[in-house]
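Let's take a walk through this protein together, starting with its overall build and then stopping at a few residues along the way. Have the viewer open and follow along.

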Amino acid sequence: MDRSQILLLGLPIFLFCSDILNLFTTSPPPKPTPNDHHNIRQFQTKPQQVHQQQPLQFPTWKSSTIVGGLGNIGLGNVININFCVSCSYRGTAVTMKNMLESEFPGIQVILANHPASLPKRLLSKVVPAVQFGIIGIILAGEQIFPRLGFAAPPPWYYSLRANRFGSIASTWLFGNFIQSFLQSSGAFEVFCNGELVFSKLMEHRFPGEIELRDVVGKRLAIR
């Protein structure tokens with residue numbers, strides 16, 4: 001094998017080894033040019049502008065807010081709402097109370113039961129006695145009627161006695177209904193400092209929230 005053949009065979013091996021060395025060696029960084037030094041100096045000498053975040057401006061509310069244009073006009077005033085408790089008017093009364101207290105800060109709203117008339121109240125006291133009397137007759141009529149001077153119980157007693165449980169239940173439910181009716185007044189009366197400003201007994205309706213607010217506001221403004 002002559003020298004030329006040896007060179008031809010060794011050249012590919014040399015190129016292969018050089019490629020492998022290039023894979024595992026890093027190339028040196030490029031030399032900086034004069035323009036690069038100029039750019040670096042400009043970057044270092046240029047002052048950094050810091051943007052300061054401005055605080056957010058929120059609208060401020062005054063501590064003494066004026067509600068409905070009346071301010072604290074409710075201070076020292078008393079509103080009485082007398083309503084029928086047995087008529088389930090409490091929910092409406094509580095709603096009106098919350099509305100007045102929010103519209104007129106400092107106002108005092110008092111809720112109370114409006115009783116029925118005196119004759120109805122007296123009759124309502126009699127109803128329980130009648131209930132227990134009828135139930136007692138149903139249970140022991142055969143012993144009660146002879147002591148009252150009757151030789152035999154009347155015919156209606158045997159009708160009630162035939163369905164004892166139904167008669168007692170009907171007497172109890174009907175008596176409670178009558179008693180509730182006699183105790184109800186159907187009233188929803190509003191007083192402002194002792195003066196009547198709205199009456200359901202006279203108007204035959206409930207007041208509206210805006211209506212009651214305006215009426216009370218006018219009374220307080222006059223005072």
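A residue is called buried when its relative accessible area is under 20%, exposed when that value is over 50%, and partly exposed in between. With that cut-off in hand, look at His204: at 67% relative accessibility, His204 counts as exposed because its value is over 50%. You will find His204 in the loop between helix H7 (200-203) and H8. Its backbone has a positive phi of about 60 degrees, although the residue is not a glycine. Ser88 is another non-glycine residue with a positive phi, here about 65 degrees. Ser88 sits in the loop between S1 and H3, and with a relative accessible area of 64% it is exposed. Please keep in mind throughout that this is a predicted model.

Now step back to the whole chain. The protein has eight helices and four strands, and along the sequence they come in the order α-α-β-α-β-α-α-α-β-β-α-α. Of its 223 residues, 23% count as buried. The accessible surface is about 16,900 Å², and carbon and sulfur atoms account for 63% of it. As for how the chain meets itself, consider contacts between residues at least 6 apart in sequence: 69% of these join residues at least 24 apart.

Next, the interior. In soluble globular proteins, nonpolar side chains tend to be buried together. Here the largest nonpolar core has 20 residues, and those with the most contacts inside it are Ile79, Ile81, Leu100, Phe188, Val190 and Val216. Two or more residues each come from strand S1 (78-83), helix H3 (90-103), strand S3 (188-192), strand S4 (195-199) and helix H8 (209-222). Which of these elements gives the most to the core? That is H3, with four residues. To see how the parts come together, select Leu100. Setting aside neighbours within four places in sequence, Leu100 is in contact with Ile79, Ile81, Ile107, Val109, Leu212 and Val216.

Strand S3 also holds a residue that a computational chemist may want to inspect, Glu189. Is Glu189 buried or exposed? Glu189 is buried, yet it has no salt bridge. The nearest side chain of opposite charge belongs to Lys200 and is 7.5 Å away. A salt bridge requires a side-chain nitrogen of Lys or Arg within 4 Å of a carboxyl oxygen of Asp or Glu, so at 7.5 Å Lys200 does not form one with Glu189. What does the side chain of Glu189 have for polar company? A polar atom of this side chain lies 3.2 Å from the backbone nitrogen of Lys200, and the side chain also reaches the backbone nitrogen of Leu201 at 3.4 Å. Beyond residues up to four places away in sequence, Glu189 touches Asn80, Ile81, Asn82, His114, Leu196, Phe198, Ser199, Lys200 and Leu201.

Elsewhere, charged side chains do pair up, and the count comes to five salt bridges. One of them joins Lys97 to Glu101, with the closest N and O atoms 2.7 Å apart. Both residues lie in helix H3, four residues apart, which is about one turn of the helix. Lys97 is partly exposed at a relative accessible area of 21%, and Glu101 is partly exposed at 31%. A second pair is Arg219 and Glu195, whose side chains meet at 2.8 Å, N to O. This pair links distant parts of the chain, with Arg219 in helix H8 and Glu195 in strand S4, 24 residues apart. Arg219 is partly exposed at 33%, as is Glu195 at 40%. Among the five there is also the bridge between Asp214 and Arg213, with closest N and O atoms 3.5 Å apart. Asp214 is partly exposed, with a relative accessible area of 35%, and Arg213 counts as partly exposed at 29%.

For a last stop, turn to Glu142 in helix H4 (residues 118-147). At 45% relative accessibility, Glu142 counts as partly exposed. Its C-alpha atom and that of Pro153, eleven residues apart along the chain, are separated by 6.6 Å. Leaving out residues up to four places away in sequence, Glu142 touches Pro153, Tyr157 and Arg161.

Terms used. Residues are numbered from 1 along each chain as its sequence is written. This is a predicted model: local features need pLDDT of at least 70, side-chain atom pairs count only at pLDDT 80 or more; totals for chains, interfaces and linings use all residues. Side-chain values use heavy atoms; hydrogens and water are left out. Buried means under 20% relative accessible area, exposed over 50%, partly exposed in between (1.4 Å probe, protein chains only). Contact means heavy atoms within 4.5 Å. Accessible areas come from the Shrake-Rupley method with a 1.4 Å probe; for residues, only the protein chains shown count as cover. A nonpolar core is a set of buried Ala, Val, Leu, Ile, Met, Phe, Trp, Tyr and Cys residues joined through side-chain atoms within 4.5 Å. Lys and Arg count as positive and Asp and Glu as negative; His and the chain ends are not counted. A polar contact is a pair of N or O atoms within 3.5 Å; within protein, one must be able to donate a hydrogen and the other to accept it, and residues adjacent in sequence count only if both atoms are side-chain atoms.
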